[in-house]
Amino acid sequence: MAPPKARIPTVDVGPRERPSYEIPLEDGIEQYTAAGIKAMTRVEEDGLQLPDERPRMHDGSYFDGRLPANWAALGNREIGDLFEMLTGYADYVGGKGGLAKVLMTNASEKLELTKAKVRKSYTGTAEEKIDSTYSDARYVEVNAEWLEAKEYYEILNGILDASNRDIRLLSRHIEVKKMD
């Protein structure tokens, strides 16, 4: 004898009922969180890993990602070392930027779901429902998470852009030195 089938909740739409596949807010947020974790697991399963440490200088201190003021006066060996530090730093920041993009995308999906679920829970005019949604603690919490993820991503992109600019500048300097 087959086990009884689970009953799918239905929504009364008049003479006919149709199944409701609407997910509770907490379950939806949990699934979006799990998606980010699964993505990182897939990266690891593919044998890939993101750079997890900033490059270090010869004295053991962390490289700050900036060209020193006297970079043009450095010798060939120092220029090579600096180029290596800059590319390692760009790799590190780029990896962090990839993670930040995952967090931002995930937070965006959570925000959209929360906005929809909260808006549906209120009654009134469209404007009243929007105002109630934007002031609801559930929405504000998820919106703050999204803003943090978005701003972190944008900051990392700015740092990466500056690092890549310095790499291009140093690379051009190396090419000019080769021609001399």
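How many helices and how many strands does the secondary structure of the chain come to?

**View 1. Secondary structure of the predicted model.** The chain comes to four helices and two strands, and these elements follow one another along the sequence in the pattern β-β-α-α-α-α. Helix α2, which covers residues 76-121, is taken up again in View 4.

**View 2. Overall dimensions of the chain.** The C-alpha trace spans about 85 × 50 × 30 Å along its principal axes. The radius of gyration of the chain is 26 Å, whereas a compact globule of 180 residues would have a value near 16 Å. Among the contacts in the chain with a separation of 6 or more, 66% are accounted for by residues 24 or more positions apart.

**View 3. Surface, burial and charge.** Of the 180 residues of the chain, 24% count as buried, and the area that the chain exposes is about 12900 Å², with carbon and sulfur atoms supplying 54% of it. The chain carries 25 positive and 32 negative charges, and the mean positions of these two sets are 5 Å apart.

**View 4. Surroundings of T87 in helix α2.** T87 lies within helix α2, and P55 stands 32 residues away from T87 in sequence, with a C-alpha to C-alpha distance of 9.2 Å between the two. Is T87 buried, exposed or partly exposed? The relative accessibility of T87 is 26%, so this residue counts as partly exposed, given that buried means under 20% and exposed means over 50%.

Key:
Residues numbered from 1 in each chain as written. Predicted model: local features only at pLDDT ≥ 70, side-chain atom pairs only at ≥ 80, totals over all residues. Heavy atoms only, no water. Rg over C-alpha atoms; globule rule 2.2 N^0.38 Å. Buried < 20%, exposed > 50% of the residue type's maximum accessible area, 1.4 Å probe, protein only. Contact = heavy atoms within 4.5 Å. Areas by Shrake-Rupley, 256 points an atom, 1.4 Å probe, with all protein chains shown as cover. Lys, Arg positive; Asp, Glu negative; His and termini not counted. Charge placed at Lys NZ, Arg CZ, Asp CG, Glu CD.
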